[in-house]
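Biologist: I would like to learn how to read a few backbone and packing features. Could we go through them one at a time?

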Amino acid sequence: MSTLTEQPDAPVHDVPAEADVVVVGAGPAGSTAAAYLARAGLHVVLLEKTAFPREKVCGDGLTPRGVKELVALGVPHEESDGWIRNKGLRIVGGGQRLELPWPELTGVPSYGLVRPRADLDEVLARTAQQDGAQLFEQTSVTGPVLDGAGRITGVTWARHDAKGRKTGLTGTVRARVVVAADGNSSRLSLAMGLLKRDDRPLGVAVRTYYTSPRTHDDYLESWLELWDGPPGQSSLLPGYGWVFGVGDGTSNVGLGILSSSSAFGNVDYKELLQRWVATMPEDWGFSPENQQGGIKGAALPMGFNRTPHYTRGLVLVGDAGGMVNPFNGEGIAYAMASSRIAAGVVAGALGLPGHERERALEGYAAAVDAEMGSYYALGRVFVKLIGNPWVMQTATRYGLPRPLLMQFVLKLLANLYADTGGTSVDKVIQQMERLSPVAARIA
């Protein structure tokens, strides 16, 4: 099978007219789905509107859940190749700084990683190519192709140059299944009538990079309180912050705000970030002259904020299906996990006839819900609670001095607890998760 890796200058008319599966978007979700589907022997076309390498707004951090997905996909992640390992999470707030190592969990690595998205996304896209998926960059999907029953049978596409200008080259590629991995906005989902759910949480994150001596920090750092001056003597800012050492001489510094906060949509997020970093110690280097690039923002679609995850030939993965973790804003791990599940369902379904195939494809939504649904329902309760500043301040003040309680919090927030059995802490969270669908409806 010819790929663009083998023919980097292949003309756009090499986009085939037909494929088994078309994947729209080559972020972590799309590339992971394309890699697994190609490994299953399917003809996969992966369409990406930009060109690699390309930047994405993110904290650039992977918890052990994300590392688990990299391992499953077989992606090498040695430190000699630019991957920075971390030992756990450092929580800052209430005058406390608490370092919590990642919990030991069977089947999950005991370390996290940091890798800029400009690198990570390209690594995953090239992995998909190496597995046989055909990747076409600078190729935007302009709409679905529907049959008489309203089922998607392919997409139309248009080619752009390096500056995003239309070249006039367009076409159509038909497929038996289409995977929407086109992010939070997911224009393909919208064209199929799949709107965002207002009863699901949403976050906004802004971040930038600073040249900093903290670049080799071996803990991910999360700030639960953001002040614009000395704590207790100034204004408490909405949201939570992070400082992740990238290992290349810079630190990724950012903050996130949840839709349950009264400040959501009513503040200048970039100005908030500037006010917060202005309070940092001078020797950390988080100053305007050390800033690398601008402050950029992105939406974080959480807790399944677009459903159904399968309908009429269209499969939603990653941000397109609102799969960001409501507890911590992590998206990469769940984008890759949903794509791994989707690829398994699709590969199995396409070997079946007619009605059996459709019934099998409909099983994807149930499979994703079984993997994440009750945990995300619990997360929706959590988001509503911490939207109240008093709750957040009280929890920070009385929780951080209690390491055992914070170990419980870390397991919950990072989704690093045993599904069955395990420690007493694991069993408490398991019970909370079992009750979470009811609690989410009440909250």
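Biologist: Where is the place of Pro308?

Modeller: This is a predicted model. Pro308 sits in the loop between S18 and strand S19 (310–311). The general idea to start from is that most peptide bonds are trans. The bond from Thr307 to Pro308 is cis, with omega near 0 degrees. A second cis peptide bond joins Phe52 and Pro53, with omega about -5 degrees. Pro53 is in the loop between strand S2 (44–47) and strand S3 (61–62).

Biologist: Which sign of phi does Gln138 have, positive or negative?

Modeller: In general, most residues other than glycine have a negative phi. Gln138 is not a glycine, yet its phi is positive, about 55 degrees. This residue lies in the loop between strand S8 (134–136) and strand S9 (139–146). Gln138 counts as buried because its relative accessible area is 18%, under the 20% limit. Arg312, also not a glycine, has a positive phi of about 50 degrees and lies in the loop between S19 and strand S20 (314–316). With a relative accessible area of 31%, Arg312 is partly exposed.

Biologist: In what order do the seven strands of the open sheet run?

Modeller: The order is S6-S5-S13-S16-S17-S12-S18, with mixed pairing. Strand S6 (96–101) and strand S18 (291–301) are the edges, each pairing on one side only. On average, neighbouring strands are turned by 20 degrees against each other, direction ignored. Within the sheet, S16 (residues 240–245) and S17 (residues 250–258) are antiparallel partners over six bridges; Phe244 stands opposite Asn252 in S17.

Biologist: Which helix packs on the sheet, touching strand S5 (88–93) and S6?

Modeller: That is helix H9 (residues 403–413), whose direction makes about 60 degrees with that of S6. For reading a helix, the general point is that an α-helix has 3.6 residues a turn, so residues three or four places apart point the same way. In H9 the buried residues are Met406, Phe408, Leu410, Lys411 and Leu412. Just after H9, Asn415 has a positive phi of about 55 degrees.

Biologist: What is the nearest side chain of opposite charge to Glu433?

Modeller: It is Arg65, 8.1 Å away; Glu433 is buried and has no salt bridge. Glu433 belongs to helix H10 (residues 424–442). Its side chain does make polar contacts with other side chains: with Ser374 at 2.6 Å and with Tyr417 at 2.2 Å. Leaving out residues up to four places away in sequence, Glu433 touches Ser374, Tyr375, Leu378 and Tyr417.

Notes
Residues numbered from 1 in each chain as written. Predicted model: local features only at pLDDT ≥ 70, side-chain atom pairs only at ≥ 80, totals over all residues. Heavy atoms only, no water. Pairing = 2+ DSSP bridges. Helix = DSSP H or I, 4+ residues; strand = E, 2+ residues; numbered from the N terminus. Axes fitted to C-alpha atoms, helices over the stretch in contact; angles between N-to-C directions. Contact = heavy atoms within 4.5 Å. Buried < 20%, exposed > 50% of the residue type's maximum accessible area, 1.4 Å probe, protein only. Lys, Arg positive; Asp, Glu negative; His and termini not counted. Salt bridge = Lys/Arg side-chain N within 4 Å of Asp/Glu carboxyl O. Polar contact = N/O pair within 3.5 Å; in protein donor to acceptor, adjacent residues only side chain to side chain.
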